[in-house]
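Q: Could you walk me through this structure, one feature at a time?

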Amino acid sequence: MNVLLIWPNNPNTVLSNDLSCCEPLSLEYVAGALSPYYEVEIWDLRLDPPLEVLATTYKPEVIGLAIPFTTSLPYALRISKQIKQLWPEASLVLGGHHATVSDMWINLFDADYLISGEGGNVFLKLLRAIEAGERKRKNKEMILLKEDKIVSFDEIAKPNRAILARHHHKYFHSIYNPVALIRFSAGCPFNCSFCILWKLTDRKYIVKNNQRILEEMAEITSKNLYVVDDEAFIQPERMRILAQDILTSGIKKRYHMYLRADTAVRHHTIIEKWAHIGLDSVLVGAESFSEDDLKDYSKKAVVKDTIKAVHIFHQNDIKVRANFIIKPDFTEDDFKKLEESVIKLKIDLPSFAVLTPLPGTDLYIKHKDKLISHDPELFDCYHTLLPTKMSIEKFYDCFAQLMVNTSTGNKAKSTESDAPMFYFSNDNSFEKMINKIKTGHLQYS
Ligand code: B12
Ligand code: SF4
């Protein structure tokens with residue numbers, strides 16, 4: 001049986017494919033479960049020809065369509081309609097992060113199945129049932145299938161990276177070019193109000209054993225690894241042993257990883273060890289320089305830990321990508337203060353996100369009746385969905401200015417690729433991003 005897995009393109013996003021275009025690790029995972037038994041193809045619509053070209057030579061029986069972000073919804077919907085025209089006989093299966101956390105827009109899809117959560121095992125069971133004639137969609141109702149929450153990565157197959165080998169040299173993430181994605185763990189025991197990730201695992205921390213991590217790393221040719229864990233260092237002792245195992249194995253990579261500032265402060269010797277084996281940059285959710293804001297976000301962190309962590313990273317030659325939240329009620333003065341603090345702290349690669357009630361989060365539940373737009377494309381953390389205190393034009397103007405000022409402010413400390421900002425990939429991609437932010441107010445209908 002031919003199974004086609006499709007990753008949608010999001011052509012209009014602020015964070016464009018010129019700034020980051022990463023491998024669809026999610027689909028490589030799904031493919032890892034299916035490919036020992038079925039013929040699996042992955043089609044990445046950011047890099048592969050349109051589906052009508054594929055349809056001239058290829059006929060899938062089952063098609064999996066990813067809806068990775070809420071912002072992907074309009075494109076995924078368009079693709080699903082095209083799929084029904086090109087391959088009317090094929091069963092269509094939806095999956096991915098948005099499909100897992102929200103039913104917003106989902107009823108518009110003429111799909112046969114929706115798989116919520118980790119997709120591989122459920123998809124495999126579904127294919128077996130389809131083959132045996134046991135599964136049939138009734139009355140045009142989409143059938144919802146759900147994986148029991150996994151407790152260990154030993155329960156799921158390794159990602160199949162061979163299928164997309166044709167594109168691996170093209171995938172990149174900001175200064176990491178080319179880059180490969182890898183997952184050492186998932187979940188987080190904290191419960192920040194704007195974050196969905198802890199809910200996906202019920203605050204449990206799911207880990208992959210070191211042997212499997214090393215096996216996966218040995219299959220990856222790229223020198224740069226983007227570790228997509230929600231918080232990579234929740235189990236510090238395990239990470240110390242992993243660093244030692246990587247060192248002993250002789251594998252040499254350059255890592256970009258996510259972690260909390262207070263984790264780095266508490267376990268600075270492990271950070272030193274990771275710096276030694278190639279930790280090149282970290283993404284720290286600094287969020288704010290106000291203790292009240294941190295409390296409001298249930299961050300369970302304090303500002304002094306952000307400051308201490310930045311020093312620890314810099315002492316270890318680790319570049320700091322810190323993310324700060326822009327609140328819709330920011331005044332001009334708030335933007336200015338944030339700018340000054342980011343520059344003063346010498347954040348190497350600053351990034352900013354507008355406080356966004358992403359579907360499924362506590363923040364969404366609290367504010368869902370106050371949203372000024374329900375356009376899925378605006379759930380991108382660059383648009384405000386909550387009313388602003390300043391005029392909306394002025395808000396976007398200040399946001400764009402903050403991005404420009406903090407990037408040039410830190411230019412003297414730029415990295416080997418001369419990136420003054422995390423998302424900075426070629427000559428004018430950053431300027432295009434700024435322009436999209438500046439004109440953000442035009443996107444509300
Ligand atoms: C890596 C990453 C990125 C990367 C690259 C993604 C890529 N491959 O192209 C980059 C930096 C580009 C990125 C960008 C954005 N991201 Co991002 N990203 C992630 C991150 C950290 C990891 C994703 C990942 O690879 N996970 C590992 C895989 C294996 O897990 P998975 O995706 O859950 O997949 C499993 C299941 O969902 C399921 N599944 C997945 N697809 C399918 C398909 C089918 C058919 C089936 C059956 C099953 C299935 O099976 C998979 C394997 O078991 C997640 C956080 C997270 N933990 O998921 C955020 C996350 C997905 N991103 C998020 C956001 C908001 C964004 C942006 C909109 C905003 C921003 N400012 O960054 C942009 C959008 C860019 C765009 N062009 O549209 C949000 C999404 C929230 C939402 N409702 O939309 C997340 C959840 C983080 C968060 N803030 O909570 N992102
Ligand atoms: S924002 Fe980070 S620390 Fe907070 S719950 Fe999400 S992953 Fe955990």
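Q: How far apart do the C-alpha centres of domain 1 and domain 2 lie?
A: They lie 28 Å apart in this predicted model. The chain is divided into domain 1, residues 2-146, and domain 2, residues 171-443. Their contact takes 20 residues from domain 1 and 27 residues from domain 2. On the domain 1 side, strand S2 (20-21) and helix H3 each supply at least two residues. That side has 11 nonpolar, seven polar and two charged residues.

Q: Where does ligand 1 lie with respect to the two domains?
A: Happy to show you how to read that: look at who gives residues to the shell. Both domain 1 (2-146) and domain 2 (171-443) do, so ligand 1 lies between them. The ligand is surrounded by 43 residues, and the closest are Ser26, Gly64, Gly95, Gly96 and Gly119. Two or more shell residues come from each of helix H1 (25-34), strand S4 (62-66), strand S5 (91-95), helix H4 (97-101) and helix H5 (120-131).

Q: Which element gives the most to that shell?
A: H1 does, with five residues. Sorted by class, the residues around ligand 1 divide into 25 nonpolar, 14 polar and four charged.

Q: Which residues surround ligand 2?
A: The list is Cys188, Phe190, Asn191, Cys192, Cys195, Leu197, Trp198, Asp230, Glu231, Arg260 and Gly285. In this shell, six residues are nonpolar, two are polar and three are charged.

Q: Let's turn to the sheets. In what order do the strands of the sheet with S3 and S7 come, and is the pairing parallel or antiparallel?
A: The general idea comes before the case: strands of a sheet pair through backbone hydrogen bonds, and they do it either parallel or antiparallel. Here six strands form an open sheet in the order S3-S1-S4-S5-S6-S7, with parallel pairing. Strand S3 (39-44) and strand S7 (143-146) stand at the edges with a single partner strand each, so one side of each has no neighbour in the sheet. Neighbouring strands are turned by 20° against each other on average, direction ignored.

Q: How many bridges pair S5 with S6?
A: Two bridges, in the parallel sense, pair S5 with strand S6, residues 113-116. To find the place by eye, look for Val93, which stands opposite Tyr113 in S6. Helix H3 (residues 73-86) packs on this sheet and touches strand S1 (2-7), S4 and S5. The direction of H3 makes about 170° with that of S4.

Q: Which strands make up the open sheet that contains S9?
A: That sheet has six strands in the order S9-S12-S13-S14-S15-S16, and the pairing is parallel. S9 and strand S16 (351-354) are at the edges, each with a single partner strand, so one side of each is left without a neighbour in the sheet. From one strand to the next, the twist averages 20°. Six bridges join strand S14 (residues 279-287) to strand S15 (residues 319-326) in the parallel sense. Among the pairs, Glu287 has Phe324 in S15 as its bridge partner.

Q: Are the faces of S9 covered or uncovered?
A: A general point helps with this one: in a regular strand the side chains alternate between the two faces of the sheet. In strand S9 (residues 179-182), Val179 and Leu181 are on one side and Ala180 and Ile182 on the other, and all are buried, with both faces covered. S9 runs parallel to strand S12 (residues 224-227), joined by four bridges. Ala180 stands opposite Leu225 in S12.

Q: Which residues does the cis peptide bond beside S9 join?
A: A cis peptide bond can be read from omega, and here omega is about 0° for the bond that joins Asn177 and Pro178. Pro178 is found in the loop between strand S8 (172-173) and S9.

Q: What is phi of Trp105, and what is phi of Arg203?
A: Phi of Trp105 is near 75°, a positive value in a residue other than glycine. Trp105 lies in the loop between H4 and S6. With 16 other C-beta atoms within 10 Å, Trp105 is partly exposed. Phi of Arg203 is near 65°, also a positive value in a residue other than glycine. Arg203 is found in the loop between helix H6 (197-200) and strand S11 (206-207). Arg203 counts as partly exposed because it has 13 C-beta neighbours inside 10 Å.

Key:
Residues are numbered from 1 along each chain as its sequence is written. Chains are lettered from A and ligands numbered from 1 in the order in which they are written. This is a predicted model: local features need pLDDT of at least 70, side-chain atom pairs count only at pLDDT 80 or more; totals for chains, interfaces and linings use all residues. A residue is near a molecule or strand if its C-beta atom, placed from the backbone, lies within 6 Å of it. Ala, Val, Leu, Ile, Met, Phe, Trp, Tyr, Cys and Pro count as nonpolar, Asp, Glu, Lys and Arg as charged, and the others, Gly among them, as polar. Domain bounds come from an automatic or database domain assignment. Two strands pair if DSSP finds at least two bridges between them. Axes are lines fitted to C-alpha atoms, for helices over the stretch in contact, and angles run from 0 to 180 degrees between N-to-C directions. Two residues are in contact if their C-beta atoms, placed from the backbone, lie within 7 Å. A residue is buried if 20 or more other C-beta atoms lie within 10 Å of its own, exposed if 12 or fewer, and partly exposed in between; C-beta atoms are placed from the backbone.
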